[in-house]
Amino acid sequence: MEVAANPALSNAALARRREMLLTLRRIGLPVAAAALFLLVWEAGTRWANIPEVLLPPPSAVLDRLVRNFPLLMTHAWPTIWQSLAGFAIATVLGIVLASLLSASTLIRETLYPNVVFFQLIPKIALAPLFVVWFGLGPEARLSFSVFVSFFPVVIATLAGLDNVERDLLRLCRALTASSWQTFVSVRLPHAVPYIFSGMKIASTFAIIGVIVGEFITSRVGLGYLILFASAQAETALILAAICVLCVFGLAFYGVVAVAEKWTIRIFGDAPR
Amino acid sequence: MNEPRLPEKTAPADSAVPWLHPRPIAPDRNQAYLSLRHARKVYQTRSGDVEAVGLADFDIEAGEFVSILGPSGCGKSTLLSMVGGLEPVTEGEIFLEGTRVNAPRRDFGYIFQDPTLLPWKTVLDNVLFPIHTQKRQVADYEAEAHRLLEMVGLADFKAKRPRELSGGMRQRVALCRGLINDPKLLLMDEPFSALDAISRDDMNLALVRLWDKYHKTALFVTHSIREAVFLADRVLVMTARPSRIVADLKLPFARPRDVTVQETPEFNRICAWLREQIQAGYGRPAGPG
Amino acid sequence: MSIVPPGFTRPASAGRRRVLVGTAAAGAAAMLSPYANVHAQTPRKVSISLPWVVNGSNFWPVIGRERGFFKSRGFDVDIQRGFGSIAATQAVANGKFDFGFVFTPGIVINAARGLMVQAVATVGYDSLMGVAIPEDSPIKRPADLEGRTVGMVLTSAEAPFFNAWLDRVKVDPKKIVRQAMDSQLIERSLINKQVDAITCIGTSSLPLFQSLGYDTRFMSWAQNGLDFYSGQVITRPEMVEKDAGFVQAMVEAFIESLIFTLRNPEEAVEIITKLQPEIAAVKGGRENFALAQAIAQSTMVAEEAIKNGMGWADMKKLQSMIDLTLKFGVTDGKPYTVEQIATNRFAGKIRLSAAEWDGVRKNTAGVRRLLTT
């Protein structure tokens with residue numbers, strides 16, 4: 001219809017418009033769903049007269065968020081830097097471990113079943129022990145965060161290092177490349193998108209690790225604030241702290257996800 | 001020992017044509033450029049030994065382009081791997097210029113069925129990959145890389161990444177990569193079999209054009225009869241079960257070679273004869289010949 | 001479902017006499033309860049939340065269930081663990097449980113947020129909030145805590161009142177480093193000298209130190225006028241208004257359960273360890289449990305109960321707890337009256353004899369030592 005009415009509109013312009021509408025839809029639909037959810041929540045709590053301490057309406061949470069913003073930020077900072085540090089250490093550790101596992105059959109046969117077994121441990125249950133081992137300082141939370149988040153990196157990196165086309169490895173052999181050369185110039189670059197997909201999972205695990213660590217022991221941090229607020233039956237403050245945590249988690253995950261997309265474009269196919 | 005000779009009775013009617021005569025092995029084989037002497041490959045499996053390459057006993061001259069033609073499973077790729085030093089021989093020996101080949105060599109070129117390009121490197125860097133890997137001076141080879149890419153029509157794609165290229169173009173990059181170190185022997189393992197028919201014809205032509213100017217000793221593994229004949233100076237026919245070389249044929253077509261050669265009766269007759277050899281191979285009873 | 005016979009009132013004297021003569025057999029109780037007669041055929045399902053996992057200070061309702069004190073009144077009770085008094089109070093207010101046995105701070109703090117429950121019986125008269133320090137610690141007085149690290153479980157009932165205590169003892173709260181600790185680790189952090197002192201509820205931490213053979217001193221906050229009640233039985237306000245007969249019968253079942261454990265502390269521990277063998281499975285677990293019960297029972301010997309009968313609360317004292325909470329315990333709390341959270345309407349119907357009180361005193365005499373500096 002539109003084409004008939006406006007012959008000047010080229011096919012390319014139409015395609016661009018369709019693309020734009022699609023993007024709008026991709027962003028708009030989930031946002032609208034979230035908005036509707038919040039609206040129902042707000043209306044529901046008001047209509048049913050639910051006490052704020054049981055379930056505060058979103059507006060009350062927002063109010064807390066705004067009024068206690070400096071307080072929230074004071075507590076957010078330690079959580080954020082520890083999550084980022086835990087994540088970074090977990091990533092390096094994961095890549096190194098996966099590299100070792102893929103480098104030698106002997107190492108893999110010796111360690112891999114143990115690594116998998118390690119993974120089966122209900123890690124949250126071990127959190128208190130980290131305090132016993134590492135004390136009450138940030139080391140305990142950092143090491144726990146690394147502990148819960150490094151495994152996805154190991155598995156993803158290993159998959160990336162192993163999934164190199166056989167012919168490509170034959171080529172390296174045919175070119176008389178050393179295994180170190182093959183690792184550096186073929187295996188590792190090939191694993192980059194895989195590593196990032198592992199890092200995506202690790203980013204959320206790292207935050208969970210720090211928060212659980214803060215639940216176990218802390219002097220400051222969003223986990224501390226959540227406990228403090230729950231001791232005071234300050235449900236709105238709990239949710240406001242969780243809100244800050246979500247925004248950080250989302251941004252963190254988003255950055256890693258975008259980086260992953262970029263590495264897929266550069267380094268080849270996505271790990272499926 | 002089975003000698004790889006043309007059976008007289010299956011020769012075409014006009015056996016006066018010189019290319020159909022069996023090619024004798026020179027008395028002094030040490031003079032040969034590439035020499036396979038009773039090379040054999042046996043895999044040990046749980047259900048007993050499996051003969052992957054039954055017997056390979058032939059010489060190749062310098063500058064000769066040889067197609068190894070056979071059905072899938074006849075061991076032609078394994079044979080190529082053995083020549084390239086990627087697979088140890090179970091029995092026999094392989095020599096290049098009198099030196100025994102038992103490991104990969106820096107002066108070989110390899111092209112596989114898949115282009116096996118590195119997606120994160122540009123076309124030019126992919127071509128130069130062997131130079132980097134073999135720690136040669138990149139500067140010495142850059143001009144050569146540009147020349148090769150121009151020769152296969154990829155002058156405008158040097159800075160592109162493989163994913164921006166079509167399948168045929170990628171395989172051309174692989175071709176350039178195989179040639180970048182000026183190899184003494186180019187080994188091609190069904191390099192065009194993953195391409196569609198049109199790209200494949202295209203690639204055949206590109207390869208022939210390359211060979212018009214650029215003589216290299218080459219082993220080309222394929223299961224396409226027309227491709228084998230069109231590209232090569234000589235065709236070896238392999239059969240499966242048992243894995244044997246059953247025919248060894250010098251082709252009469254001159255270079256520079258043109259597509260029109262495929263229309264000649266000679267070309268078609270050779271193809272027909274080769275097809276017969278392959279089909280006869282299917283009919284053979286299994287077991288040692 | 002409120003089927004209370006018209007003009008129904010609980011014959012208090014009968015109850016009192018029954019307890020006085022000490023014939024608290026389940027069958028007798030059933031016969032004495034008109035409520036139970038009405039419901040004899042179809043037991044009414046009643047859910048109860050404890051403040052935390054079953055421990056020596058809160059397990060007595062379970063004993064009541066095992067001994068049939070609820071069943072004899074026509075109640076089929078389902079007793080569940082809780083996740084702290086704050087959450088347990090919220091669960092009762094939200095209708096997830098009909099009754100709760102929770103600690104007073106959970107009630108007054110939620111009420112400051114506008115969430116009201118009714119305390120229908122008070123069973124512990126000292127929350128035993130305090131600071132525990134190692135026996136050999138250089139900390140002798142509250143002022144010595146300045147510059148020290150104090151471990152605390154933030155969600156524990158005493159934590160919100162730490163500031164109130166510091167105010168009473170004139171210590172600057174800013175000069176104390178607070179280390180939040182998980183409840184599993186709080187005692188160990190003191191033993192490992194990771195912290196210099198901990199705040200705690202005497203019934204939870206002191207038995208644990210004892211069972212680990214670790215000697216501590218205890219600065220009780222009650223000495224400084226911070227005398228909070230501890231355990232109270234709660235239900236929703238509308239239950240009190242609309243189903244008073246039911247609440248009355250439940251309160252009596254609760255009290256009867258409590259009295260059984262006061263009279264037979266050893267048998268009570270015996271019953272619970274049979275029911276939950278894991279209690280005795282850990283080293284010193286059974287002793288720990290018995291000690292916690294003794295400490296909790298020592299807080300039940302109070303003027304309120306002795307003079308006015310079991311379950312009775314001093315509304316003046318409760319009011320001061322509310323005032324303290326609003327001033328120190330929570331930020332931005334809403335003021336409210338004591339009547340909104342507690343009633344003596346169902347309490348004081350059952351009494352212990354002087355001899356029985358003496359018995360309780362004798363049973364718990366050993367624990368007094370633990371509760372001093």
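Which strands of chain C does α6(C) lie across, and at about how many degrees does α6(C) run to β3(C)? The exercises below treat this and related points in a predicted model, in which local features need pLDDT of at least 70, side-chain atom pairs count only at pLDDT 80 or more, and totals for chains, interfaces and linings use all residues. Residues are numbered from 1 along each chain as its sequence is written, chains are lettered from A and ligands numbered from 1 in the order in which they are written, and side-chain values use heavy atoms, with hydrogens and water left out.

**Exercise 1. Describe the sheet of chain C on which α6(C) and α11(C) are placed.**

Step 1. Helices (H or I, at least four residues) and strands (E, at least two) are DSSP runs, numbered from the N terminus. Two strands pair if DSSP finds at least two bridges between them. On this basis, chain C has an open sheet of 5 strands with mixed pairing, in the order β2-β1-β3-β10-β4.

Step 2. The edges are β2 (75-80) and β4 (118-122) of chain C; each has a single partner strand, so one side of each lacks a neighbour in the sheet. On average, neighbouring strands are turned by 30 degrees against each other, direction ignored.

Step 3. Within the sheet, β1 (residues 44-49) and β3 (residues 99-103) of chain C run parallel and are joined by 2 bridges. S49(C) has G100(C) as its bridge partner in β3(C).

Step 4. The opening question can now be answered: α6(C) lies across β3, β4 and β10 (231-235) of chain C, at about 100 degrees to β3(C). Helix α11 (residues 244-263) of chain C also packs on the sheet, touching β1, β2, β3, β4 and β10 of chain C, and its direction makes about 55 degrees with that of β1(C). Contact here means heavy atoms within 4.5 Å; axes are lines fitted to C-alpha atoms, for helices over the stretch in contact, and angles run from 0 to 180 degrees between N-to-C directions.

**Exercise 2. Characterise the interface of chain C with chain A.**

Step 1. Of the 2 pairs of chains that touch, A and C have the most contacts. Chain C contributes 26 residues and chain A 22 residues.

Step 2. The size of an interface is often given as the accessible area lost when the parts come together. Chain C and chain A bury about 2100 Å² between them, 58% of it on carbon and sulfur atoms (accessible area with a 1.4 Å probe, summed over both parts). In chain C, R113(C), L154(C) and Q179(C) lose the most area to chain A, together 26% of what that side buries.

Step 3. R113(C) also forms a salt bridge with E234(A) through their side chains (3.4 Å, N to O). The term requires a side-chain nitrogen of Lys or Arg within 4 Å of a carboxyl oxygen of Asp or Glu. The count between these chains is 1 salt bridge.

Step 4. β1 (residues 217-218) of chain A and β7(C) run antiparallel, joined by 2 bridges, and S218(A) stands opposite A180(C).

**Exercise 3. Place β1(A) in the sheet that spans chains A and C.**

Step 1. The sheet is open, with 6 strands in mixed pairing, ordered β1(A)-β7(C)-β6(C)-β8(C)-β5(C)-β9(C).

Step 2. β1 of chain A and β9 (216-220) of chain C are at the edges, each with a single partner strand, so one side of each is without a neighbour in the sheet.

Step 3. Inside the order, β6 (residues 149-152) and β8 (residues 197-201) of chain C pair in the parallel sense over 2 bridges. V150(C) has A197(C) as its bridge partner in β8(C). Helix α9 (residues 202-211) of chain C packs on the sheet, touching β5 (129-134), β8 and β9 of chain C, with its direction at about 120 degrees to that of β8(C).

**Exercise 4. Establish how chain B is placed relative to chains A and C.**

Step 1. Chain B and chain C do not touch, and their nearest C-alpha atoms are 49 Å apart. With chain A, 22 residues of chain B are in contact with 20 residues of chain A.

Step 2. Chain B and chain A bury about 2000 Å² between them, 61% of it on carbon and sulfur atoms.

Step 3. D189(B) and R170(A) meet through their side chains in a salt bridge (3.9 Å, N to O). Helix α3 (residues 129-133) of chain B supplies the largest share of the side of chain B that touches chain A, 4 residues.

Conventions: Buried area = accessible area lost by both parts, 1.4 Å probe.
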